[in-house]
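Let's take a friendly walk through a protein chain together. Keep the structure open beside you and find each part as we come to it.

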Amino acid sequence: MGTVLVLIDHADGRIRKPALELLTMARRLGTPIAVVLGAGSSAAEVADAASEYGAATVYVADAPEFADYLVVPHADAVAQIARTTDPTAILITSSPEGKEIAARLAVRLSAGLITDAVNLEADDNGPLAIQSVFAATYAVASRVTQGTPVITVKPNAAVPEPAATTCRIEHVAVEFSPAATGTKVVSRTPRTTSGRPELTEAAIVISGGRGVGGPEGFKVVEDLADALGAAVGASRAAVDAGWYPHANQVGQTGKQVSPQLYLAAGISGAIQHRAGMQTSKVIMAVNKDPEAPIFDLADYGVVGDLFTVLPELTDQIVARET
Ligand code: FAD
């Protein structure tokens, strides 16, 4: 088995969970090599975290271009490292930025690209990437047939498993292409954070729909989310009514989530909502209508009023934690 290049997602000097998932999956395909770009003084810390999950070699590149310009400097750096290391696959997190880097990289390397994989399997003829399509009604297995496979993998596709190894850090000076400075970042405004995990990366998502009845109805959803360390999602009906921010919408025209546990409270289960959450590992629904379509795909269902069931659940969870 050869080496597998993993572009490491990091923020605020820390490796992000999707990167640990990629390293865990990369070990199925070969020896992970990590690429850490623009981490500044935190590069060693991020590299150490990568080595805890099996990266024996970590390529580190730092330059103002990574922060000052959008995407292309990252594609330049990974392409340069890929040409010298000749990996058997390149794995990148399926974020909007990750997918753009991957697309540019595939063009540079004349390689095939697969996006939004939810699983990876080793195979003698090259990695098999599994995608979940048409609102998760089909699983498609694909293989890249030209060049080094470039594959983006959705967050939560694997549970991170440590595999500590000794880490060798190699510093790389990147030669940026003329296109690298084509799109400059002119300002950054931090968004007010809820303190909850990022919706697309959270292991548990608790979502509320029209059944919560109004913005104040989300309190019971948030209380349960906080008891579980979960993110809060919302159906489009709740978002369109102005009860919860659009950034939290789950579904076809919202965010795609694939957590270990998804709880839908007061959500009927329309096809457009399912499109964003149907690949969740375990689905639980709370709805007062026993005929609600959400129960067709739920692993666990409670027929009842969410204003009774959710606080009860929260109390039980808090009681177990104390
Ligand atoms: P409803 O369908 O009204 O369901 C509310 C549910 O709450 C009902 O099942 C009811 O029994 C239950 N309920 C009521 N009170 C309680 C209570 N006290 N306790 C327990 N249960 C209760 N939708 C999305 O979610 N995401 C998308 O990205 C999305 N994209 C779309 C794109 C297009 C092009 C279109 C046409 C639609 C899209 N929709 C999307 C909308 C989608 O079709 C549904 O209208 C929407 O998902 C319904 O939201 P809901 O389940 O919260 O509301």
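What follows goes from strands to a pocket and then to charged side chains.

Before we start, please keep in mind that this is a predicted model. Residues are counted from 1 along the chain as its sequence is written.

Begin with the open sheet of five strands, whose order is β13-β12-β14-β15-β16, with parallel pairing. Which strands stand at the edges? They are β13, residues 231-234, and β16, residues 300-303. Each of these has a single partner strand, so one side of each is left without a neighbour in the sheet. As you go from one strand to the next, the twist averages 15°.

Now look at one pairing inside this sheet. Strand β14 (residues 261-265) and strand β15 (residues 282-287) run parallel and are joined by five bridges. You can find one of the partnerships by locating Ala 265, which has Val 286 in β15 as its bridge partner. While you are at β15, look for Met 284, which has its place in this strand. Is Met 284 buried or exposed? Its relative accessible area is 17%, and a residue under 20% counts as buried, so Met 284 is buried. To get a feeling for distances, compare Met 284 with Arg 191: the two are 93 residues apart in sequence, and their C-alpha atoms lie 30 Å apart in space.

Next, move to strand β10. Strand β6, residues 89-93, pairs with β10 in the parallel sense over four bridges. One place to see this is Ile 92, whose bridge partner in β10 is Thr 152. Strand β7 also runs parallel to β10, and three bridges join these two. Here Leu 113 has Val 150 in β10 as its bridge partner, and Ile 114 is partnered by Ile 151 in β10. Which way do the side chains of β10 point? Val 150 and Thr 152 point one way, while Ile 151 and Val 153 point the other way, and all of them are buried.

Strand β7 has a further partner in β8, but these two run antiparallel, with four bridges between them. Leu 120, for instance, has Ala 129 in β8 as its bridge partner. How many residues lie between β7 and β8 in their hairpin? There are six, and Gly 126 in the turn has a positive phi of about 115°.

Let's leave the strands and visit a pocket. The second largest pocket holds about 290 Å³ of space. Of the 18 residues that line this pocket, the closest to its centre are Ser 235, Arg 236, Ala 237, Ala 270 and His 273. Two helices, α7 (236-240) and α8 (271-274), each supply at least two residues of the lining. By type, the lining divides into four nonpolar, twelve polar and two charged residues.

Our last stop is the charged side chains. Side chains of opposite charge can pair when their charged atoms come close. How many salt bridges does the structure hold? There are eleven, and we will visit a few of them.

Start with Glu 100 and Arg 104, whose side chains meet in a salt bridge at 3.3 Å, N to O. Both belong to helix α5 (residues 96-108), and because they are four residues apart there, about one helical turn separates them. Glu 100 is partly exposed at 36% relative accessibility, and Arg 104 is partly exposed at 33%.

Another salt bridge brings together the side chains of Asp 123 and Arg 143, at 2.9 Å, N to O. This pair links distant parts of the chain, 20 residues apart: Asp 123 is in the loop between β7 and β8, and Arg 143 is in the loop between β9 and β10. Asp 123 is partly exposed at 32% relative accessibility, and Arg 143 is partly exposed, also at 32%.

Finally, find Arg 196 and Asp 226, whose side chains meet in a salt bridge at 2.7 Å, N to O. This pair too links distant parts of the chain, with Arg 196 in the loop between β11 and β12 and Asp 226 in helix α6, 30 residues apart. Asp 226 is partly exposed, with a relative accessible area of 45%. Which residues are joined into one network here? Salt bridges that share partners join Arg 196, Glu 222 and Asp 226.

Note on methods: This is a predicted model: local features need pLDDT of at least 70, side-chain atom pairs count only at pLDDT 80 or more; totals for chains, interfaces and linings use all residues. Side-chain values use heavy atoms; hydrogens and water are left out. A salt bridge is a side-chain nitrogen of Lys or Arg within 4 Å of a carboxyl oxygen of Asp or Glu. Buried means under 20% relative accessible area, exposed over 50%, partly exposed in between (1.4 Å probe, protein chains only). On a 1 Å grid over the protein atoms alone, a cavity is a set of points where a 1.4 Å probe fits but cannot get out, and a pocket is an open set with protein on both sides within 12 Å along at least five of seven lines; lining residues have an atom within 4 Å of a point. Grid points are joined across faces, edges and corners, and a volume is the space filled by probe spheres set on the points. Ala, Val, Leu, Ile, Met, Phe, Trp, Tyr, Cys and Pro count as nonpolar, Asp, Glu, Lys and Arg as charged, and the others, Gly among them, as polar. Two strands pair if DSSP finds at least two bridges between them. Axes are lines fitted to C-alpha atoms, for helices over the stretch in contact, and angles run from 0 to 180 degrees between N-to-C directions.
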